[in-house]
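Here are some notes to read alongside the model. Please keep the structure open while going through them.

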Amino acid sequence: MQKKIVSINCSPRTGWNTDILVSEAEKGAAANGGEIERFDLYKLGPFTGCLSCFGCKTEKYQGKCVTNDALSPVLESIQKADGLIIGTPIYISEVTAGFRAFYERLAFQTITYREDIHSYNNRKIPVVLIFTCNASKSAFAHAGYEKLLGKYSEEMGRFVGPTSVFVASETMQVDNYEKWGWTRFDAKEREERRRNVFPVEMEEAYNLGFNVAG
C-alpha cells in the first residue's frame, strides 16, 4: 500500500537552500513508493498561529484545530499522512514565523490537559525535520542552536512521532556576495562549500526522505 507523505517548506525563499533540501527529501520518499503532497507555507493564503480558543479540546472536535484558514488543509492532510517532511531556515536564532505558527496549531491540538488521556494523537508518524542556517556548527552552542534543535526534536517526537533532525550549516545565502557588500562572509569559501558540501547534504536529505516512506 502506497504511503502518503506530507511535505512542508517553511521558507519564504523559493529555489534556495531549504526548498532544495525539502525537494530532495521528497524525491527520496517518492523513490521508496511514497505519494507526496507538498505545501509551501509562504504561498498559502493568510493563516495564524494558535488562537487559544480550546476548540480542539471540546468533545466534538477533540484533537482537531477548529480555526478555519489557509493552514486548515495542511493540518487535515497531516492527520491522514504516513510520514511528514518539514524544512525551515533559522532566522535570528529561531525558526521562521511561518513554521512557528504552523507548529503551534499542529502541536496544541494534540494536548488534552487530562490525566486519563495524555494525547489526542494516537497515530504517531515518522518526521524528517530539516534546518538550514548560515552559522557554523562550532557556533551552535554559543548561538543556542543546540538547545533549539533539541527542543523541536523532542517536542515533535512527543506530539507527532519519531523525529529525525538534519541541519545544513554554513549555507550560501545569495549567489553573489559582492553585490550585497557582505564582508562578514568569505564568499569563495561559501561558494566552494556550495559546490562540494551542499550536494552531500542533498544526498542526506534524500536518504532521510527515503526512510520516512519505508
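The points below cover the nonpolar cores first and then the salt bridges.

1. This is a predicted model. Its largest nonpolar core has 35 residues. Ile8, Ile78, Leu84, Ile86, Phe99, Phe102 and Met156 have the most contacts inside this core. Two or more residues each come from strands S1, S3 and S5 and from helices H2, H3 and H5. H5 gives the most, with six residues.

2. Phe102 is a useful residue to look at. Beyond its neighbours within four places in sequence, Phe102 is in contact with Ile8, Leu41, Leu71, Val74, Leu75, Ile78 and Ile86. A second, separate core has 15 residues, among them Ile5, Val22, Ile85 and Val212.

3. The salt bridges number 14. In one of them, Arg105 pairs with Asp69 at 3.0 Å, N to O. Arg105 lies in helix H3 and Asp69 in the loop between S2 and H2, so this pair ties together parts that are 36 residues apart in sequence. Arg105 is buried at 2% relative accessible area, and Asp69 is buried at 18%.

4. Arg38 and Glu26 form another salt bridge, with the closest N and O atoms 3.0 Å apart. Arg38 is in strand S2 and Glu26 in helix H1, 12 residues apart. Arg38 is partly exposed at 27%, whereas Glu26 is buried at 12%.

5. Glu154 and Arg158 also form a salt bridge (3.0 Å, N to O). Both lie in helix H5, four residues apart, about one turn of the helix. Glu154 is partly exposed at 45%, and Arg158 is partly exposed at 44%. Elsewhere, salt bridges with shared partners join Asp19, Glu26, Arg38 and Asp40 into one network.

Conventions: Residues numbered from 1 in each chain as written. Predicted model: local features only at pLDDT ≥ 70, side-chain atom pairs only at ≥ 80, totals over all residues. Heavy atoms only, no water. Core = buried A, V, L, I, M, F, W, Y, C linked by side-chain atoms within 4.5 Å. Buried < 20%, exposed > 50% of the residue type's maximum accessible area, 1.4 Å probe, protein only. Contact = heavy atoms within 4.5 Å. Salt bridge = Lys/Arg side-chain N within 4 Å of Asp/Glu carboxyl O.
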